[in-house]
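Hi everyone, thanks for making time this morning. Let me put the structure up, and then we can walk through it together.

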Amino acid sequence: MLKTIDEKINGFLFIIIFPLLLFFMSYYGFESAYVIWIKSAEKAPDFMFESVYAYRVIPNYLSVHVTELMTYIIDHYIPFAKTFLLKNGTVFYHSTFLINAFFFILSSIILDKIFKLKPVDIIRNIHIRRMLHLLAIFFIVILQYVPTNCDLIAIFFYLSGVYFTLKYLDDRKPTDLMLLSIIIIISTFARETACLNIAFFAAIFFDFKTYKRKDYAVIKEILLLVIAFVLPYMGLKLAIHQDASFFEGVYFIKNFTSPYNIAGLLFGIIALYFGYNLCNEEGKVILKKYLFFSLPYLIMITLVGLFWEARLFLPLILTGIVLASHKFKNVHLL
């Protein structure tokens, strides 16, 4: 009985409290050029409703309404704390922290569930599992030097999709596939990284042997997920009428000439290589396939993203850690 209570207390500390404290420190203890700017914003900036950002409906909706709610609460219920709060950032900044902290903790909980699904032998040791969990948490926290209103919402949905993909691999329940499809639909309203859930699913289930056997069941499942991503995204394009493009600008040359962007690229490559080395043979093969199916995403961040904002590599890095933790069976290696 005492051992069970102790495990629950330790789980609460390592999965919720410790990560939340790290996250709090990253938002209020350290400042990058990005943080200084966002701390001075009084409300959701106009650019969030322009260009590609306009299609991130869920984060934008939360930013506007949580900021309004916090302003009301501060003005009507805790006016004595207003001076203190505004010394450490605008209401919009505190709202961004609360939104991201909420989805960060949910991501931490989902990671814990993923690591418990079907762990490799070494991860069965609870202490090793918690160390791996904290490693993933540290990556998330470190990359918050570029705080946005959408990344951690997208990470939560992405990890949820990973969880149901792994459950579907083990149980083959149609409900898990449908839940994965629903997650992709919702996630598409948060950020375009929803497409990476399709890459993860394809990396696990698709191989050329299956195709040669004319077993099209997997292809149909992948097409279902593609439709779950494409339909809502095209719906957003049709519903939101404005002079908006899919991106802010083309940064291809800048990514390979700026020392900062080169450093960000090296960070992403080394972090992925680190995850690759943690994997067993099955995990390594799946990670290679995952990177192949993620090429559209990788090409896009090379062209229109900035490598210095290494948060763009975060879903890939977390995938490497997840693949290192899971025991795969009946997965084709070719």
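Let's begin at the surface: α12 (252–255) and α15 (295–304) each supply at least two residues of a nonpolar patch. Please keep in mind that this is a predicted model. Which residues make the patch? They are Val250, Phe252, Ile253, Phe256, Phe292, Leu295, Ile299 and Leu303, and together they cover about 780 Å². The most comes from α15, with 3 residues. Phenylalanine 252 sits in helix α12, and it counts as partly exposed because its relative accessibility is 40%.

Now the other side of α15. Tyr297, Leu298, Ile301, Thr302 and Val304 of this helix are buried. What covers them? The cover includes α9 (195–205), α12, α14 (281–293) and α16 (314–325). So α12 turns up twice in this story: it supplies residues to the patch, and it is part of the cover over the buried residues of α15.

Next, a pair of helices. Helix α3 (residues 57–76) packs against helix α5 (residues 91–117) at an angle of about 115°, and their axes are 9 Å apart. The contact is made on the α3 side by Leu62, Ser63, Val66, Thr67, Met70, Thr71 and Ile74, and on the α5 side by Val91, Phe92, His94, Ser95, Leu98, Ile99 and Phe103. As for handedness, the α3 and α5 crossing is right-handed.

Let's stay with α5 and turn to charges. How many salt bridges are there? The count comes to 9. One of them joins lysine 116 and aspartate 112, at 3.1 Å from N to O. Both residues lie in α5, 4 residues apart, or about one turn of the helix. Lysine 116 is partly exposed at 48% relative accessibility, whereas aspartate 112 is buried at 14%.

Just past that helix, lysine 118 forms a salt bridge with aspartate 170, with the closest N and O atoms 3.5 Å apart. Aspartate 170 is in helix α7 (residues 151–171) and lysine 118 is in the loop between α5 and α6 (126–142), so this pair ties together parts that are 52 residues apart in sequence. Both are partly exposed: aspartate 170 has 28% relative accessibility, and lysine 118 has 30%.

Last stop: are glutamate 309 and arginine 311 buried or exposed? Both are buried. Their side chains meet in a salt bridge, at 2.8 Å from N to O. They also belong to one network with Asp151 and Arg191, joined by salt bridges that share partners.

That's my tour; I'm happy to take questions!

Note on methods. Residues numbered from 1 in each chain as written. Predicted model: local features only at pLDDT ≥ 70, side-chain atom pairs only at ≥ 80, totals over all residues. Heavy atoms only, no water. Patch = residues over 30% accessible without salt bridge, like charges linked within 9 Å, V, L, I, M, F, W, Y side chains within 5 Å. Areas by Shrake-Rupley, 256 points an atom, 1.4 Å probe, with all protein chains shown as cover. Salt bridge = Lys/Arg side-chain N within 4 Å of Asp/Glu carboxyl O. Buried < 20%, exposed > 50% of the residue type's maximum accessible area, 1.4 Å probe, protein only. Axes fitted to C-alpha atoms, helices over the stretch in contact; angles between N-to-C directions. Left-handed = near helix turned anticlockwise from the far one by under 90°. Contact = heavy atoms within 4.5 Å.
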